[in-house]
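Let's take a friendly walk through this protein together. Have a look at the sequence and the fold, and then we will go from the surface to the interior.

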Amino acid sequence: MSATVDCIVIGGGPAGLTAAIYLARYHRRVTVIDAGESRAMLIPESHNYPGFPDGISGKRLLSQLAAQAQTYGVPIISASVNDLIRIDSGFRAVHDRGFLEAPYVLLATGIVDKRPPIEGHAEAVSHGLLRYCPVCDAFEATDKTIAVFGDGPEATDKADFLRTYSSDVTLLRPVSARPAPSTTRPAAEAGVHIHEAIGPLRRRGNKLWVETPEGACDFDVIYPSMGCEAGSQMALRLGADVTETGCVKVDEHQRSTAEGLYAAGDVVSDLHQIAVATGHAAIAATHIHKSLPLRRRLARVELAPNTSPAH
C-alpha cells in the first residue's frame, strides 16, 4: 500500500491526532501511522485535562480524538514505521503494510518510560497504584502514602515535588544504587524518607509494597523515576538536532533542524502534558498548512430553476 499525501503524522497520541484534525480541517491530505503505543494509554483517569471535570481515561480520550479525525476522512494506519527516508519530494515512511510519501512529516512519537521491576504492571497502572506523572495526578494522591522509585537528582526532585501533596513521601532507591551524599541530603532535608528497595515491587490489595533493610514497606502510590527514552531515533537518522535528554529540538513553529520534519508532544518537551502536546500540534499543523502550496476552492456551479445539465 502506497500513497502520496500532504503530511504524514507518525504517532496516534494526543499530539498526532490533534495535528491530523487541524490539517484535515485545512483541507489537507493527511494520514496517521500509529503503532498503538501512546503513553496516554497508561492514564486510568485524568482530572487535569481541561473540559472534563469528571475526568477522562487516556483510552477514551484517544478514542474520541481518533473518531473526530475520522469524521474528516483521515486514514489511521495501525502499523509501526520501520524507516523514514529522505527522497526528492520530501519523505518516504516505510511501515508494516507499505509506504507513504509526503513533503512534510510530523513526528508525534512520544517517550517510553523505563519501568520498575514489578509483576502485573498493567494492572497496577490501571488501578492507580503505579503512576508516572505527578504533574497529571498527584492531586489525587493528596495525603496518601507516596513513594518515588529511583535514584539520582531527578528522583530526588520528584520526591521533593510530591511533598506538596503529602507529608509521607519516601524515596525508594534500588539496592544496587550507591548515590553520593549530595543526592540524598536534599531529600532528607525536605522531609522525605529514604529506603533501599530489595527486590521487585509487589501488590497487596490496594497497596504496593517492597522489602527494605528495615522491613516491608507499603504505599498507596508509587511513582517510578528511572528515566525514559524519547522516540527521536528517526529524527536523528535524518540529521535533526536533539537535546541531552533525546528530545527533538524545534523552533517556534515546531520545525526540527531537518527540513520538512516537524515534531510535537512528549518527543519535544520535558513537560509531558496532553495540553502541551495539543498546543504543539496546533502550531505545527498550521505552519505545515501555510508552507504547502495554496489550494483555492473552485466555485460551485449553481443550476437555474427548471434546468438540467446538458447530455
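A surface patch, as the word is used here, is made of residues with over 30% relative accessible area and no salt bridge; nonpolar side chains are joined into a patch within 5 Å, and like charges within 9 Å. Keep in mind as you read that this is a predicted model.

With that in hand, start with the nonpolar patch. V135, F161 and L271 make up a nonpolar area of about 240 Å² on the surface. Where does V135 sit? You will find V135 in helix α4. Its relative accessible area is 43%, so V135 counts as partly exposed, because that class lies between the buried limit of 20% and the exposed limit of 50%.

There is a charged patch to find as well. E154, D157, D160 and D270 come together on the surface as a patch of negative charge. To locate one of them, go to helix α5, which covers residues 153–162 and holds D160. With a relative accessible area of 40%, D160 is partly exposed.

Now step back to the whole chain. It has 8 helices and 17 strands, and its C-alpha atoms fill a box of roughly 90 × 45 × 35 Å along the principal axes. Of its 311 residues, 49% count as buried.

Helix α1 is a good place to look at burial. This helix runs over residues 14–25, and its 12 residues reach 17 Å from the first C-alpha to the last, close to the expected 16 Å. How many residues of α1 are buried? The count is 10 of 12, so the helix is mostly covered, where buried means under 20% relative accessible area. Among the buried residues are P14, L17, I21 and L23. A general point helps when you turn the helix on screen: an α-helix has 3.6 residues a turn, so residues three or four places apart point the same way.

Finally, two backbone angles deserve a look. Most residues other than glycine have a negative phi. D143, which is not a glycine, has a positive phi of about 65 degrees, and Q254, also a residue other than glycine, has a positive phi near 70 degrees. Are their settings buried or exposed? D143 lies in the loop between α4 and β10 and is exposed, with a relative accessible area of 67%. Q254 is in the loop between α7 and β17, yet at 6% relative accessibility Q254 counts as buried.

Methods:
Residues are numbered from 1 along each chain as its sequence is written. This is a predicted model: local features need pLDDT of at least 70, side-chain atom pairs count only at pLDDT 80 or more; totals for chains, interfaces and linings use all residues. Side-chain values use heavy atoms; hydrogens and water are left out. Accessible areas come from the Shrake-Rupley method with a 1.4 Å probe; for residues, only the protein chains shown count as cover. A salt bridge is a side-chain nitrogen of Lys or Arg within 4 Å of a carboxyl oxygen of Asp or Glu. Lys and Arg count as positive and Asp and Glu as negative; His and the chain ends are not counted. The place of a charge is taken as NZ of Lys, CZ of Arg, CG of Asp or CD of Glu. Helices (H or I, at least four residues) and strands (E, at least two) are DSSP runs, numbered from the N terminus. Buried means under 20% relative accessible area, exposed over 50%, partly exposed in between (1.4 Å probe, protein chains only). The expected span of a helix is 1.5 Å times one less than its number of residues.
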